[in-house]
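Subject: A structure for you to look at

Hello,

I am passing a structure on to you, and I hope you enjoy looking through it. Please have it open while you read the rest of this email.

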Amino acid sequence: QVELVESGGGLVQAGGSLRLSCAASGSVFAINGMGWYRQAPGKQRELVATISLGGYPNYADSVKDRFTISRDTAKNTAYLQMNNLKPEDTAVYYCAAERLVGGQYQYDYWGQGTQVTVSS
């Protein structure tokens, strides 16, 4: 089993920055990719960014050039640097970790979420 604990959320004005962290513990050897998802009130959870075990990032179009995902495999921690935040970035942000399930990789571990609120 893997436990993911997020930190770093909060309230920030539009144009500001926040850095989210996600610390993994437990059976971390099973983790492949790590990622960040978000869910705004009344909306479905959506992908923000993912990063492979080899460090290759992938971003949603809405956050490209503003957000940067990274990971420190030695510390079993993933980060999301968020710059030039917009009110539409307001959401609960969830950390996720990918593992092999039935021959396919899928995001199977989830953190409890951290609130990010961007005021206009």
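Below is what was found, beginning with a note on how to read it.

This is a predicted model, so please keep in mind that local features need pLDDT of at least 70 and side-chain atom pairs count only at pLDDT 80 or more, while totals for chains, interfaces and linings use all residues. Residues are numbered from 1 along each chain as its sequence is written, and side-chain values use heavy atoms, with hydrogens and water left out.

**The sheet**

Let me start with the strands, which are DSSP runs of E with at least two residues, numbered from the N terminus (helices are runs of H or I with at least four). Four of them, in the order E1-E3-E8-E7, make an open sheet with antiparallel pairing; two strands count as paired if DSSP finds at least two bridges between them. E1 (2-7) and E7 (67-72) each have a single partner strand, so they stand at the edges and one side of each has no neighbour in the sheet. On average, neighbouring strands here are turned by 15 degrees against each other, direction ignored. That angle is taken between axes, which are lines fitted to C-alpha atoms (for helices over the stretch in contact), with angles running from 0 to 180 degrees between N-to-C directions.

E7 and E8 (residues 77-82) run antiparallel and are joined by 6 bridges. Within that pairing, Thr68 has Gln81 of E8 as its bridge partner.

A good residue to click on in strand E8 is Ala78. With 1% relative accessibility, Ala78 counts as buried; buried means under 20% relative accessible area, exposed means over 50%, and partly exposed is in between (1.4 Å probe, protein chains only). Setting aside residues up to four places away in sequence, Ala78 touches Leu20, Ser21, Cys22, Met34, Trp36, Ser70 and Arg71, where contact means heavy atoms within 4.5 Å.

**Strand E11 and its partners**

Next, have a look at strand E11 (residues 114-119), where the side chains alternate: Thr114, Val116 and Val118 point to one face and are buried, whereas Gln115, Thr117 and Ser119 point to the other and are not. E11 pairs with E2 (residues 10-13) in the parallel sense over 4 bridges, and with E9 (residues 91-101) in the antiparallel sense over 3 bridges. Val116 takes part in both pairings: Gly10 stands opposite Val116, and Val116 is also the bridge partner of Ala91.

**The core and the disulfide**

The largest nonpolar core has 30 residues, and those with the most contacts inside it are Leu4, Met34, Trp36, Leu80, Met82 and Tyr93. Such a core is a set of buried Ala, Val, Leu, Ile, Met, Phe, Trp, Tyr and Cys residues joined through side-chain atoms within 4.5 Å. The elements giving two or more residues to this core are E1, E3 (18-26), E4 (34-39), E5 (46-51), E7, E8, E9 and E11. Beyond its neighbours within four places in sequence, Met34 is in contact with residues including Leu4, Cys22, Ile69, Ala78, Cys95 and Tyr107.

How many disulfides does a search of the whole structure find? There is 1, formed by Cys22 and Cys95, whose sulfur atoms are 2.0 Å apart; the cut-off for a pair of cysteine sulfur atoms is within 2.5 Å. Cys22 is in strand E3 and Cys95 in strand E9, so the pair ties together parts that lie 73 residues apart in sequence. The torsion about the S-S bond is about -75 degrees, which means that the disulfide is left-handed. Cys22 is buried at 0% relative accessible area, and Cys95 is buried at 0% too.

**The aromatic cluster**

Finally, Tyr37, Tyr107 and Trp110 form one aromatic cluster. Rings of Phe, Tyr and Trp (its six-membered ring) pair if their centres lie within 6.5 Å; planes under 30 degrees apart are stacked, over 60 edge-to-face, and the rest tilted. The structure holds 2 aromatic pairs. Tyr37 and Tyr107 are edge-to-face, 5.8 Å centre to centre with 65 degrees between the planes. Tyr37 lies in strand E4 and Tyr107 in strand E10 (residues 104-110), so this pair ties together parts 70 residues apart in sequence. The rings of Tyr37 and Trp110 have centres 5.0 Å apart and planes at 65 degrees, so that pair is edge-to-face as well. Tyr37 is buried at 16% relative accessible area, whereas Trp110 is partly exposed at 34%.

Best wishes
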